Amino acid sequence: MNKSRVRNAVLAGAASAMLLAGCAGSGGSNSAASGAAASGTCQGESVKVAKPSPSFVYLPFYVAEGGGFFEEEGLVPETVEVHTGAGIVAAAVSGSVDVALVTAGEVFVAAEEGAPVQAFAQVSNMATNVVIKQRVLDELGLTTDSPDDAKLAALKGLRIGVTGSGSGTDQVIRYLATAGGLDPDKDMEIIATGGSGNSVSGFSGDRFDAIAISSPQSNIAIQQGSGAYLFNIANGDYEPLANNLYITGMASTRTIAQKTNVLECFTTALAHAQQVIENDPEKAAELAQPYMGDIDPAMYAEAFEANINAWPTTPAVDPDAAKAALNFQNQFLGGTISEEVLVDAINTDIASSATAE
């Protein structure tokens with residue numbers, strides 16, 4: 001992909017996109033084209049989607065929103081913001097939402113505990129970054145190019161902000177701490193902030209020495225909080241977490257049984273968005289930008305480029321990426337979940353049907 005073309009296209013379209021940013025993508029809002037007449041196979045069916053605050057890990061979903069791809073399938077989409085992984089899973093189990101955009105790890109844990117949930121689509125691979133104060137790196141004599149073991153050791157004694165207890169950001173920090181031979185409950189202070197905005201403001205206000213956060217918040221934190229990347233995971237900075245399934249589209253088994261057509265239409269729209277990202281990234285960047293909040297266009301373009309490798313080209317769950325995510329989850333939890341959970345926790349039928357020619 002020609003990254004300079006992406007940057008130029010984003011900057012050229014920034015003015016109009018920023019005008020839309022204040023009214024699109026907020027919690028509880030419908031997609032920009034939700035008033036469009038239903039014309040696809042789902043014939044005006046509604047689909048309610050739960051997700052946390054805006055982040056590049058959800059960008060294929062935003063491309064589908066901005067491109068009106070849900071409406072092309074006849075869907076009437078609605079998004080609601082829920083700021084904890086447990087809350088998103090609970091919303092799906094209760095039936096208050098049809099689709100939850102949630103980490104694969106949270107799906108595996110829920111399924112292992114007997115919750116009737118399945119991941120039916122992949123949205124992104126691991127893209128949670130770790131931002132650290134530049135002063136901490138300077139004090140330790142480290143740079144962003146230092147060996148992994150030295151950077152992992154730098155976590156010791158830090159106050160580290162994560163969006164929520166048990167969230168994907170919490171899991172990343174605990175995984176990295178364990179990989180570095182540290183005890184995440186004793187060797188550092190992990191603080192749940194309640195949301196990505198709180199993590200960034202806490203980092204900028206020196207309440208945290210480091211935060212785990214995805215783009216564009218990681219870019220904002222670096223700019224506003226005198227920070228640097230300890231690990232730019234979205235860009236493949238930490239090899240053990242490369243090709244690791246991260247954000248999935250999940251639903252309860254009841255919803256899967258009762259609204260199969262709705263989930264197939266949702267997945268078809270997602271597949272359309274993923275193909276646009278792969279084949280026309282500058283268009284994808286333009287379509288998604290209004291849903292990312294009030295972000296500097298140059299920073300948005302930089303973050304988009306850095307995350308391109310984290311977005312799969314198909315909604316069909318990659319078995320190797322799912323196994324990698326389970327291995328990640330097992331290290332986070334101490335190795336308690338059998339690979340057998342993958343059979344129950346992943347639904348391949350919906351994506352297969354949605355992407356069939």
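This report covers the overall make-up of the chain, one open sheet with its packed helices, a helix pair and one buried valine.

**Overall make-up**

The model is predicted. The protein chain holds 18 helices and ten strands. Of its 357 residues, 57% are buried. The exposed surface comes to about 13500 Å². Carbon and sulfur atoms supply 47% of that surface. Among contacts in the chain with a separation of 6 or more, 82% link residues 24 or more positions apart.

**The five-strand sheet**

Five strands form an open sheet with mixed pairing. The order is β7-β6-β8-β5-β9. β7 (189-192) and β9 (227-231) stand at the edges. Each has a single partner strand, so one side of each is left without a neighbour in the sheet. From one strand to the next, the twist averages 30 degrees.

At the β7 edge, the partner is strand β6 (residues 159-162). The two run parallel and are joined by four bridges. One residue pair shows the register: Gly 161 has Ile 191 in β7 as its bridge partner.

Two helices pack on this sheet, as tabulated here.

| Helix | Strands touched | Direction angle |
|---|---|---|
| α10 (residues 196-204) | β5 (129-133), β6, β8 (210-213), β9 | about 155 degrees with β8 |
| α11 (residues 217-224) | β5, β8, β9 | about 135 degrees with β9 |

Edge strand β9 is thus touched by α10 and by α11. Strand β6 is on the contact list of α10.

**The α13/α14 pair**

Two packed helices are described by the angle between their axes and the distance between the axes. Helix α13 (residues 260-279) and helix α14 (residues 281-288) have axes that come within 5 Å. They cross at roughly 125 degrees. An angle from 115 to 145 degrees counts as oblique, and α13 and α14 are therefore oblique to each other.

Which residues of α13 meet α14? They are Val 276, Ile 277, Glu 278 and Asn 279. On the α14 side, the residues are Pro 281, Lys 283 and Ala 284. By class, the contact has four nonpolar, one polar and two charged residues.

**Val 102**

Strand β3 (residues 99-103) contains Val 102. Is Val 102 buried or exposed? Its relative accessible area is 2%. Buried means under 20%, so Val 102 is buried. Ala 119 lies 17 residues from Val 102 in sequence. In space, the C-alpha atoms of Val 102 and Ala 119 are 8.9 Å apart.

Conventions: Residues numbered from 1 in each chain as written. Predicted model: local features only at pLDDT ≥ 70, side-chain atom pairs only at ≥ 80, totals over all residues. Heavy atoms only, no water. Axes fitted to C-alpha atoms, helices over the stretch in contact; angles between N-to-C directions. Parallel < 35°, antiparallel > 145°, perpendicular 65-115°, else oblique. Contact = heavy atoms within 4.5 Å. Nonpolar A, V, L, I, M, F, W, Y, C, P; charged D, E, K, R; others polar. Buried < 20%, exposed > 50% of the residue type's maximum accessible area, 1.4 Å probe, protein only. Areas by Shrake-Rupley, 256 points an atom, 1.4 Å probe, with all protein chains shown as cover. Pairing = 2+ DSSP bridges.
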